Amino acid sequence: MASLKLILRKKANKEGKFPICIQIIKNRKASLIHIGQYIDAIDWDETNQKVKKTNSNHSELNKYLLRKLTEANGKYLELATEKEVVSAKSIKQKLTNNDNTTFKSQAEIYLDNLKKEGKYNRYSADKPRINRFYEFTKGGDITFQEITIPLLNKFKAYLKSTREITDRTIINHLVVIRSIFSQTILGNLLDPKYYPFGKDKIKIKFPDSQKVSLTIEEVKKLENAKFSAESSLNHVRNLWLLSFYFAGMRISDLLRLKWSDIDNGRLTYTMGKNAKGGSLKIPEKASIILTFYKPKTKNKTGFVFSNLENVRNQSDLFEVQKKISNATKTIDEALQKLAFELDINKKLTMHIARHTFGNLSGDRIPIQMLQKLYRHTSITTTIGYQSNFITKDADEALDSVINF
């Protein structure tokens, strides 16, 4: 059990008055909670934990102090019911964060954490989603208890009617709200009973999406196209093909490549998304492209591509991701021009290189090897990803019925 009592802290403010605090002791560790009341030391009754009659406001102060101590004991019992292990620090956090449990205050913490973790892409995507929830709630500064299932259903309808956005984008908005709820619950600032997601509540289920990929003929168009060496279209074509040749390497990993990652005909790198490392043989087609970018000096510490060279602090992950995001946008815009030039009637982006590898690998490569090439943490992810491209069994099953 924890011990909670009122004390007068022996540290005066500028006016020479002393703060009344709630002292929490658990497992011989103490924490203090200031409750915003100051008195002269002579007016405090330490034995009975109350203000003496010598203070003109003793009656009102004692009623207030009793109420605060009662609230503190109640919240401690609530926390002890929720968790088996309760520390003095967690009790203090539970008691002092009332002003930190509105959606807006927790959303700010959530975004700040993304920034500190260097997750620029998540930050730049989630911040507008949170702002749309603010618009819907007329400011966003509401309690989590007010964010009910009916309210979230209204939010979904609001997004659909005012923004005209897809069902998948609506789900992305709900995912952010769910993440902020989880953050608040894990911080012991909210009872899990208020969580509005899950079975018989708001369900997060992404709708199926069609993954676009190029055909072999369209890939050959890219390979055989003739451009001047310094052309921007030549550069983005090279990036796309390298991504494809390296089993759909993500653009973020491609732009991070350094010459030191290449040795004895192999490419060794760690994937940024899940920190999985690995080594790949450099195909001859990829080797020819890389030769074009080789530095004139024997510098093996620099980047293969120049996009990140101007980032002042390479250890600033947020700034690096921001630079990669901006570069990707420029590259994808150039790929659209490239597709038009080559009469490829698809929205050509860097990510489609990954889809194209998945589509063309089809049934040719065992699923365990594809997991290794994709660097998926779970084979379930690989199976789900490849299901977008493997249609042979379904096609044959259909033919077996209708071709009579």
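Helices (H or I, at least four residues) and strands (E, at least two) are DSSP runs, numbered from the N terminus. The expected span of a helix is 1.5 Å times one less than its number of residues. Welcome to these close-up views. The model is predicted, so local features need pLDDT of at least 70 and side-chain atom pairs count only at pLDDT 80 or more, while totals for chains, interfaces and linings use all residues. Residues are numbered from 1 along each chain as its sequence is written, and side-chain values use heavy atoms, with hydrogens and water left out.

**View 1. The chain as a whole.**
The chain holds 15 helices and eight strands. Of its 404 residues, 41% are buried, where buried means under 20% relative accessible area, exposed means over 50%, and partly exposed lies in between (1.4 Å probe, protein chains only). A contact here means heavy atoms within 4.5 Å. Among contacts between residues at least 6 apart in sequence, 55% join residues at least 24 apart.

**View 2. Helix 8 and its surroundings.**
Helix 8 covers residues 232–245. Its 14 residues should span 20 Å at 1.5 Å a residue, and the end C-alpha atoms are indeed 20 Å apart. How much of helix 8 is buried? The count is 12 of the 14 residues, so helix 8 is largely enclosed by the rest of the structure. Among the buried residues are Leu 233, Asn 234, Trp 240 and Phe 244. The cover over the buried residues includes helix 7 (216–224), helix 9 (251–256), helix 10 (284–293), helix 11 (317–341) and helix 12 (351–361).

**View 3. The two ends of helix 8.**
At the N-terminal end, Ser 231 acts as a cap, with a side-chain oxygen 3.1 Å from the backbone nitrogen of Leu 233. For such polar contacts, the cut-off is a pair of N or O atoms within 3.5 Å; within protein, one must be able to donate a hydrogen and the other to accept it, and residues adjacent in sequence count only if both atoms are side-chain atoms. Just after helix 8 comes Ala 247, in the loop that leads to helix 9. Ala 247 has a positive phi of about 60° although it is not a glycine. With 4% relative accessibility, Ala 247 counts as buried.

**View 4. Ile 289 beside helix 8.**
Ile 289 belongs to helix 10 and is buried, with a relative accessible area of 11%. Which residues does Ile 289 touch, not counting residues up to four places away in sequence? They are Asn 238, Leu 241, Leu 242 and Tyr 245, which are listed among the buried residues of helix 8. Ile 289 and Leu 239 are 50 residues apart in sequence, while their C-alpha atoms are 8.9 Å apart in space.

**View 5. Helix 4 on its own.**
Helix 4 has 17 residues, which should span 24 Å at 1.5 Å a residue; the end C-alpha atoms are 25 Å apart, which agrees. Its buried residues are Tyr 120, Tyr 123, Asp 126, Arg 129, Ile 130, Phe 133, Tyr 134 and Phe 136. These buried residues pack against helix 3 (103–116), helix 5 (149–162), helix 6 and helix 11. Just after helix 4, Lys 138 takes a positive phi of about 60°.

**View 6. Helix 4 crossing helix 6.**
Two packed helices are described by the angle between their axes and the distance between the axes. Axes are lines fitted to C-alpha atoms, for helices over the stretch in contact, and angles run from 0 to 180 degrees between N-to-C directions. Helix 4 (residues 120–136) and helix 6 (residues 167–186) pack at about 85°, with their axes 9 Å apart. That angle makes helix 4 roughly perpendicular to helix 6, a term for angles of 65 to 115 degrees. Helix 4 brings Asp 126, Arg 129, Ile 130, Arg 132 and Phe 133 to the contact, and helix 6 brings Asn 172, His 173, Val 176, Ile 177 and Ile 180.

**View 7. Loop residues.**
Thr 148, in the loop between helix 4 and helix 5, is partly exposed, with a relative accessible area of 32%. Thr 148 and Tyr 195 are 47 residues apart in sequence and 8.4 Å apart in space, C-alpha to C-alpha. Is Lys 193, at 59% relative accessibility, buried or exposed? Lys 193 counts as exposed, and its place is the loop between helix 6 and helix 7. Asn 264 lies between strand 6 (262–263) and strand 7 (266–270) and is exposed at 72% relative accessibility.

Definitions and conventions:
Parallel < 35°, antiparallel > 145°, perpendicular 65-115°, else oblique.
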